[in-house]
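Reader: I am a first-year student, and I would like to look closely at one part of this model. Please pick a helix, show me what is around it, and then lead me on from there.

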Amino acid sequence: GISLVGDDIVNQIIARRPFTSVKDFVTRMREDNKTLIAKNKVINLIKAGCFDELEGKPREVILREYISSLVERKSRLTLQNFPALIKYGLVPDDYKHERNVFKFTKEIRKRKDGNGFYNLDDEEGILEAWYVMHIQKQPVVLEGVSKIRMTEWDAYYESAMNKVRPWLKANAEKLIDDIYNIEWNAEWDKYCQGDQLQWELDSLNFYHSGHPLTNCGITEDVESIDDLVENDFDGHFMIRGAMVPKMKLHTIMGTVLVKDKKAN
């Protein structure tokens, strides 16, 4: 058994064999333009070694290539990508105000009143407070609601973004790489941490190709916990003229397979 891979998926795989590569597998494991197998299940199949012979590559390479297929590399950057740049901390502080103007605009554009105004009516009063502090103007108040005229604010927004656009264009290639690397690493960290032995434990619930303690380099007389003797002594301490037994200590090595999430 492979974790997350149930009988239904197994039968779908059998019905579509043979496959020529991971890419071919993913392409053909579809029906009515919908995937039959989620990416975390494909990853577990790779972790378990199901594609080792098919691809003829190290398992890590197969995983890396599959993760790369999941992450889209942008072909160009526009202001539509600005939220991602903000999210990943890629907009320098030189454009801190423009960054905040963008976030503010995104929020107030959800609050059109239908009469040519944006409402600043969030419960906490954050929108109005930000506008007054950073734009240094008072909003108009209509029927008890603070508002700003859409045409006025949109012009201010365009002026602010015109300061960002040259930076975006000049740094597009590097920013595209930065976004790709951040998103790629996020996928890898979520699904593929560890080494091949850890991947086997994740997917098969046992180590198949070896054991992480095999080459640890520590040699001891005790090979099994069954060899330990209760109340075994290793000489004595002399404390205030008295002989006190010194308990014999052993280093016990192992791997944690299950963690009690309820335990402190």
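Author: With pleasure! We need one term to begin with: a residue is called buried when its relative accessible area is under 20%. Please also keep in mind that this is a predicted model.

Let's look closely at helix H11, which spans residues 196-204. Its buried residues are Leu197, Trp199, Glu200, Leu201, Ser203 and Leu204. As you compare their positions, one general rule is handy: an α-helix has 3.6 residues a turn, so residues three or four places apart point the same way. Try it by finding Leu197, Leu201 and Leu204, which are among the buried residues of H11.

What lies over these residues? The cover on the buried residues of H11 includes helix H3 (39-47), helix H5 (59-70) and helix H10 (172-191). At the far end, H11 is followed by Asn205, a residue with a positive phi near 70°.

Two of the covering helices, H5 and H10, also pack against each other, so let's follow them. In general, two packed helices are described by the angle between their axes and the distance between the axes. For H5 and H10 the angle is about 125°, and the axes are 10 Å apart. These two helices are therefore oblique to each other, because an angle that is neither roughly parallel, roughly antiparallel nor roughly perpendicular counts as oblique. The crossing of H5 with H10 is right-handed. On the H5 side, the contact is made by Glu60, Leu63, Arg64, Ile67, Ser68 and Leu70, and on the H10 side by Tyr180, Trp184, Glu187 and Trp188. Sorted by kind, the residues of this contact are six nonpolar, one polar and three charged.

For practice, here is another helix pair to set beside that one. Helix H8 (residues 126-135) and helix H9 (residues 150-170) have axes that come within 15 Å and cross at roughly 60°. That angle makes H8 oblique to H9. The crossing of H8 and H9 is left-handed. H8 brings Trp130, Tyr131 and Ile135 to the contact, while H9 brings Glu152, Trp153 and Tyr156. This contact of H8 with H9 has five nonpolar residues, one charged residue and no polar ones.

Finally, a word on strands. As a general point, strands of a sheet pair through backbone hydrogen bonds, either parallel or antiparallel. In this model, an open sheet is formed by three strands in the order E3-E5-E4, with antiparallel pairing. Strands E3 (117-119) and E4 (140-142) are the edges, each pairing on one side only. On average, neighbouring strands of this sheet are turned by 45° against each other, direction ignored. Between E3 and strand E5 (residues 145-149) there are three bridges, and Tyr118 has Ile148 of E5 as its bridge partner.

You can look for antiparallel pairing again in strands E6 (residues 233-239) and E7 (residues 242-247), which share five bridges. There, Met238 stands opposite Met243 of E7, and His236 has Pro245 as its bridge partner. The hairpin of E6 and E7 has two residues between the strands, and Arg240 takes a positive phi near 55° in this hairpin.

Definitions and conventions: Residues are numbered from 1 along each chain as its sequence is written. This is a predicted model: local features need pLDDT of at least 70, side-chain atom pairs count only at pLDDT 80 or more; totals for chains, interfaces and linings use all residues. Side-chain values use heavy atoms; hydrogens and water are left out. Two strands pair if DSSP finds at least two bridges between them. Helices (H or I, at least four residues) and strands (E, at least two) are DSSP runs, numbered from the N terminus. Axes are lines fitted to C-alpha atoms, for helices over the stretch in contact, and angles run from 0 to 180 degrees between N-to-C directions. Angles under 35 degrees count as roughly parallel, over 145 as roughly antiparallel, 65 to 115 as roughly perpendicular and the rest as oblique. A crossing is left-handed if the near helix is turned anticlockwise from the far one by less than a right angle, and right-handed if clockwise. Contact means heavy atoms within 4.5 Å. Ala, Val, Leu, Ile, Met, Phe, Trp, Tyr, Cys and Pro count as nonpolar, Asp, Glu, Lys and Arg as charged, and the others, Gly among them, as polar. Buried means under 20% relative accessible area, exposed over 50%, partly exposed in between (1.4 Å probe, protein chains only).
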